[in-house]
Amino acid sequence: MANTITLTMIKPDAVEKGFTGNILKDIADAGFTITALKLTQLTRSDAERFYSVHRERPFFNSLVEFMISGPIVAAVLKKDNAVEDFRKLIGATNPENAEEGTIRKKYAESVEKNAVHGSDSDENAAIEAHFHFADKEIYSFL
Ligand code: GDP
């Protein structure tokens, strides 16, 4: 699929450890174009809303606390087949199960503090891009 988008967040663990530059380089080297980018911090209600699909899961409160614990980097990424290719680039949710060379294998410390988010469908990518960015902040022509 030509020129589809995905939404990523570099999570607080990876930002805090100084991995932002390396992760953005891995993303660019894999052929993604950054069309929106910001360093920001989620509020509790932002994090609860972003992860509302997981609100019944036992790890929900812990996940929310982690996601608001420090700044994140949010970005919209463009590429052919963006959602699927980005999920391949980041690897499995649990870094112990992630393939060598994937972003989570390289930079994540646990199943929760797993360095990056990637959208799981084209529909959610559009919702998540607009969760973080106004239309005018997404430079779709790039
Ligand atoms: P993803 O699509 O690979 O990010 O995984 P999910 O959508 O299933 O989970 C969302 C996020 O919740 C993950 O990226 C982790 O940060 C966290 N998470 C997922 N599973 C667990 C778990 O079993 N325990 C904890 N503590 N956090 C989890």
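**Entry 1: surroundings of the ligand.** I looked up which residues surround the ligand in this predicted model. They are Lys11, Tyr51, His54, Phe59, Leu63, Arg87, Thr93, Arg104, Val111, Glu112 and Asn114. I then sorted this shell by class and found 4 nonpolar, 3 polar and 4 charged residues.

**Entry 2: polar contacts of the ligand.** I next looked up the polar contacts made by oxygen atoms of the ligand. For Glu112, a polar backbone atom lies 2.8 Å from a ligand oxygen. For Asn114, the partner is an N or O atom of the side chain, at 2.9 Å from an oxygen of the ligand. The side chain of Arg104 likewise offers an N or O atom, and here the distance to a ligand oxygen is 3.1 Å.

**Entry 3: cover and pocket.** I asked how much of the ligand the protein covers. On its own the ligand has 550 Å² of accessible area, and the protein covers 77% of this. I also noted that the ligand takes up the space of the largest pocket.

**Entry 4: aromatic pairs.** I turned to the aromatic rings and recorded a count of 5 aromatic pairs. One of them joins Phe32 and Phe86 in an edge-to-face arrangement, with 5.5 Å centre to centre and 85° between the planes. I checked where the two residues lie in the chain. Phe32 is in the loop between α2 (20–29) and β2 (33–40), while Phe86 belongs to helix α5 (residues 82–90). The pair thus links distant parts of the chain, 54 residues apart.

Key: Residues numbered from 1 in each chain as written. Predicted model: local features only at pLDDT ≥ 70, side-chain atom pairs only at ≥ 80, totals over all residues. Heavy atoms only, no water. Near = heavy atom within 4 Å. Polar contact = N/O pair within 3.5 Å; in protein donor to acceptor, adjacent residues only side chain to side chain. Areas by Shrake-Rupley, 256 points an atom, 1.4 Å probe, with all protein chains shown as cover. 1 Å grid on protein atoms, 1.4 Å probe; cavity = no way out; pocket = protein on both sides within 12 Å on 5 of 7 lines; lining within 4 Å. Sits in = over half its atoms within 2 Å of the grid points. Nonpolar A, V, L, I, M, F, W, Y, C, P; charged D, E, K, R; others polar. Phe/Tyr/Trp six-rings, centres within 6.5 Å; stacked < 30°, edge-to-face > 60°. Helix = DSSP H or I, 4+ residues; strand = E, 2+ residues; numbered from the N terminus.
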